[in-house]
Amino acid sequence: MHIWVDADACPGVIKEILFRAAQRTQTMTTLVANQLLRVPPSPYIRALQVPGGFDVADNRIVQEVEPGDLVITADIPLAAQVIDKHAHALNPRGEFYTHDNMRERLAMRNFMEELRGSGVDISGPSSFSQSDRQAFAAQLDRYLSKHR
């Protein structure tokens, strides 16, 4: 099992949780981004820099992910592709994407995009909170315990 991280927009506190989990469980973890990332020295953690461009990091993750892998992302279309490849997708707020909830999430994302495109001023997601961090850490720990 491998953990892939859509790292361009991943909060730093989530990366820190992932670094500790990778070391503790000896799970290969790769952060993919189109910018240079700093990661701690570890045989289990690596950063993969891809060229800039729309969805280049997402496409690389989809290319590399295998069934049973875990992808950390807030990107709903990426999560849908990951699930189609029989891998797992977890967002930084601790919510798993599943076949059951993916259609609803894609529809809501598309609806919000249409609203923004038509000039409606809508707020983005709420600020990342301590409870989000705790929910993510708990879900990650449960997942790693179950899939190791």
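Let's start in the middle of the sheet: Thr 29 stands opposite Ile 45 in S3. The model shown here is predicted, so local features need pLDDT of at least 70 and side-chain atom pairs count only at pLDDT 80 or more, while totals for chains, interfaces and linings use all residues. Residues are numbered from 1 along each chain as its sequence is written, and side-chain values use heavy atoms, with hydrogens and water left out.

**The sheet**

Six strands form an open sheet in the order S3-S2-S1-S4-S5-S6, with mixed pairing. Strands here are DSSP E runs of at least two residues, helices are H or I runs of at least four, and both are numbered from the N terminus. Two strands pair if DSSP finds at least two bridges between them. At the edges sit strand S3 (45-49) and strand S6 (96-97), each pairing on one side only.

S2 runs parallel to S1, joined by five bridges, and S2 also runs parallel to S3, again through five bridges. Within the first of these pairs, Ile 3 has Thr 29 as its bridge partner in S2, and Trp 4 has Thr 30. Five of the six residues of S2 are buried, where buried means under 20% relative accessible area, exposed over 50%, and partly exposed in between (1.4 Å probe, protein chains only).

S1, H1 and S2 make a right-handed β-α-β unit. Right-handed means that, with the strands pointing away from the viewer, the path from the first strand over the helix to the second runs clockwise.

**The cores**

A nonpolar core is a set of buried Ala, Val, Leu, Ile, Met, Phe, Trp, Tyr and Cys residues joined through side-chain atoms within 4.5 Å. The largest has 21 residues, of which Ile 3, Val 5, Leu 18, Ile 72, Phe 136 and Leu 140 touch the most other members. Strand S1 (2-6), H1, S2, strand S4 (70-72) and helix H5 (130-147) each supply at least two residues of this core. H1 gives the most, with six residues. A second, separate core of 17 residues includes Ile 61, Val 65, Ile 83 and Tyr 97.

Helix H3 (residues 76-84) has Ile 76, Leu 78, Ala 79, Ala 80, Val 82 and Ile 83 as its buried residues. After H3 comes His 86, with a positive phi near 65°.

**Two buried polar residues**

What does Thr 27 touch, leaving aside its neighbours within four places in sequence? Its contacts (heavy atoms within 4.5 Å) are Met 1, Ile 3, Ala 22, Tyr 44, Leu 144 and Arg 148. Thr 27 lies in the loop between helix H1 (12-25) and strand S2 (28-33), and counts as buried because its relative accessible area is 0%.

Asp 132 lies in helix H5 and counts as buried because its relative accessibility is 13%. Not counting residues up to four places away in sequence, Asp 132 touches Pro 92, Arg 93 and Ser 127.

The table gathers some polar contacts. Such a contact is a pair of N or O atoms within 3.5 Å; within protein, one must be able to donate a hydrogen and the other to accept it, and residues adjacent in sequence count only if both atoms are side-chain atoms.

| First partner | Second partner | Distance |
|---|---|---|
| Thr 27 side chain | Thr 25 side chain | 2.7 Å |
| Asp 132 side chain | Arg 93 side chain | 2.7 Å |
| Asp 75 side-chain oxygen | Leu 78 backbone nitrogen | within 2.8 Å |
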